[in-house]
Amino acid sequence: QVQLVESGGGSVQAGGSLRLSCAASVNTYKGYCMAWFRQVPGNGREGVASLYTYTFGDRTYYADSVKGRFTISQDNAKNTLYLQMNSLKPEDTAMYYCAAAFRVCTSDWFRGGNYNYWGQGTQVTVSS
C-alpha cells in the first residue's frame with residue numbers, strides 16, 4: 001500500500017508561483033509512474049504532468065496547458081514528488097492530486113484509471 005500526502009497549495013495572484021509536494025510512504029522512484037492531476041468541481045480529473053525514473057534519467061510528460069510553466073521532479077532521497085508551478089493563471093485554480101502506479105509512464109499517463117494510489121489533494125487558487 002502506497003500512501004501519498006500532498007502539501008504546498010494556497011492562494012496566489014496570477015503570474016505568481018507555487019511548489020506542490022507529495023510525500024510518499026515508499027521509494028516511488030523504483031518502478032512507479034508518478035503524476036499530478038487536478039480537478040475543478042463538476043469536472044473530471046485532468047492529468048497535469050507525470051514522471052518515471054529510468055536508470056538513465058527521468059522521463060516526463062506534460063499537459064499542453066501547462067508546458068513551459070510547470071515542472072515535475074522527484075527527490076529520491078526524500079521519496080517526494082514536486083510540481084513547480086510558475087506563471088500561474090486563474091484557470092489553474094483546482095484541487096491538485098498526487099497519484100502513483102506501479103508501472104512505466106506511457107503515452108496514456110493522463111488517464112486517471114491507470115493509477116492505483118491517490119493523495120487527499122491540495123487546493124490551489126489563482127486570482128486575477
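Here is a short walk through some side-chain contacts and aromatic rings in this structure, which is a predicted model.

Let us start at T53, a residue of strand β5, which spans residues 46-54. Its relative accessibility is 15%, so T53 counts as buried, the cut-off being under 20%. Leaving aside residues up to four places away in sequence, T53 touches Y29, D58, Q74 and N76. Two of these neighbours also meet T53 through polar contacts between side chains: D58 at 2.8 Å and Q74 at 3.3 Å.

Now turn to the aromatic rings. Searching the whole structure gives eight aromatic pairs. One of them joins Y61 and W109, whose ring centres are 6.3 Å apart; the planes meet at 25°, so this pair is stacked. The two partners come from distant parts of the chain, 48 residues apart: Y61 belongs to strand β6 (residues 57-62), while W109 is in the loop between β9 (94-101) and β10 (117-118). Both Y61 and W109 are buried.

W109 has another aromatic partner in F110, and here the arrangement is edge-to-face, with 6.0 Å from centre to centre and 90° between the planes. How buried or exposed are these two? W109 has a relative accessibility of 6% and so counts as buried, whereas F110, at 37%, is partly exposed.

Charged groups join the picture too. Over the ring of Y61 sits the charged end of R59, 4.2 Å from the ring centre. R45 does likewise with W118, its charged end lying over that ring at 4.4 Å from the centre. W118 is itself part of an aromatic cluster, together with F37 and Y115.

Definitions and conventions: Residues are numbered from 1 along each chain as its sequence is written. This is a predicted model: local features need pLDDT of at least 70, side-chain atom pairs count only at pLDDT 80 or more; totals for chains, interfaces and linings use all residues. Side-chain values use heavy atoms; hydrogens and water are left out. Helices (H or I, at least four residues) and strands (E, at least two) are DSSP runs, numbered from the N terminus. Buried means under 20% relative accessible area, exposed over 50%, partly exposed in between (1.4 Å probe, protein chains only). A polar contact is a pair of N or O atoms within 3.5 Å; within protein, one must be able to donate a hydrogen and the other to accept it, and residues adjacent in sequence count only if both atoms are side-chain atoms. Contact means heavy atoms within 4.5 Å. Rings of Phe, Tyr and Trp (its six-membered ring) pair if their centres lie within 6.5 Å; planes under 30 degrees apart count as stacked, over 60 as edge-to-face and the rest as tilted. A charge sits over a ring if NZ of Lys or CZ of Arg is within 6 Å of the ring centre and within 35 degrees of the ring normal.
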